[in-house]
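Visitor: Please show me the model, and let me ask what stands behind the words used for it.

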Amino acid sequence: MSALEIVGGVALMIICALVIILCLSQDQKSQDSMSAALTGASSDSFYGKNEGRTKEAILNKITRTLGIIMFVLVLAINLIPIFSK
């Protein structure tokens, strides 16, 4: 096992732990259509217009980015032994 594989494995474990923590810290999605029908809420509110700047949106973007990095890292770790021979 090369040093590059070990570093990649450690980085993968850290990223996996971060993805798990971020997923658990996000709010659950509820059925917005049902609550909107009962309360009369619409997406024209201040919250609806600034939805990209909320804590949930930021956590969602970070989780998506870490997921992509994790996918690329898994591919790289599995391809290193093939090309290092």
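Guide: A disulfide is a pair of cysteine sulfur atoms within 2.5 Å. The structure, a predicted model, holds 0 disulfides.

Visitor: What makes cysteine 16 count as partly exposed?

Guide: Its relative accessibility is 27%. Buried would require a value under 20%, and exposed one over 50%. Cysteine 16 lies in between, so it counts as partly exposed.

Visitor: Why is cysteine 23 called partly exposed?

Guide: The relative accessible area of cysteine 23 is 42%. That value is not under 20% and not over 50%, so partly exposed is the term that applies.

Visitor: How many helices and strands are in the protein?

Guide: The protein has 4 helices and 0 strands. Read from the N terminus, the order of elements is α-α-α-α.

Visitor: What makes H1 roughly antiparallel to H4?

Guide: Two packed helices are described by the angle between their axes and the distance between the axes. For helix H1 (residues 3–25) and H4, the angle is about 155 degrees and the axes are 9 Å apart. Angles over 145 degrees count as roughly antiparallel, so H1 and H4 are given that term. The crossing in which H1 passes H4 is left-handed. By class, the contact of H1 with H4 has 19 nonpolar residues, 5 polar and 1 charged.

Visitor: Why does glycine 8 count as buried?

Guide: Glycine 8 belongs to helix H1, and its relative accessibility is 8%. The cut-off for buried is under 20%, so glycine 8 qualifies. Between the C-alpha atoms of glycine 8 and isoleucine 77 there are 6.3 Å in space, while 69 residues separate the two in sequence.

Visitor: What makes methionine 13 exposed?

Guide: Methionine 13 is also found in helix H1. With a relative accessible area of 60%, methionine 13 is over the 50% cut-off and is therefore called exposed. Its C-alpha is 9.3 Å from that of methionine 70, at a sequence separation of 57 residues.

Visitor: Which term fits isoleucine 62, and why?

Guide: Isoleucine 62 sits in helix H4 (residues 55–83). Its relative accessible area is 40%. Since that falls between 20% and 50%, isoleucine 62 is partly exposed. Isoleucine 62 is 43 residues from valine 19 in sequence, and their C-alpha atoms are 8.7 Å apart in space.

Visitor: And why is isoleucine 69 called partly exposed?

Guide: Isoleucine 69 is in helix H4 as well. Its relative accessibility of 39% is neither under 20% nor over 50%, so the term is partly exposed. Leucine 12 is 57 residues from isoleucine 69 in sequence and 9.0 Å from it in space, C-alpha to C-alpha.

Visitor: How much of the protein is made up of buried residues?

Guide: Of the 85 residues in the protein, 16% are buried.

Visitor: What is the mean pLDDT of the protein, and which elements have the lowest and highest values?

Guide: The mean pLDDT of the protein is 80, and 72% of its residues reach 70 or more. Among the elements, helix H3 (residues 46–49) has the lowest mean pLDDT, 58, and H1 has the highest, 92.

Technical notes. Residues numbered from 1 in each chain as written. Predicted model: local features only at pLDDT ≥ 70, side-chain atom pairs only at ≥ 80, totals over all residues. Heavy atoms only, no water. Buried < 20%, exposed > 50% of the residue type's maximum accessible area, 1.4 Å probe, protein only. Helix = DSSP H or I, 4+ residues; strand = E, 2+ residues; numbered from the N terminus. Axes fitted to C-alpha atoms, helices over the stretch in contact; angles between N-to-C directions. Parallel < 35°, antiparallel > 145°, perpendicular 65-115°, else oblique. Left-handed = near helix turned anticlockwise from the far one by under 90°. Nonpolar A, V, L, I, M, F, W, Y, C, P; charged D, E, K, R; others polar. pLDDT = per-residue confidence, 0-100.
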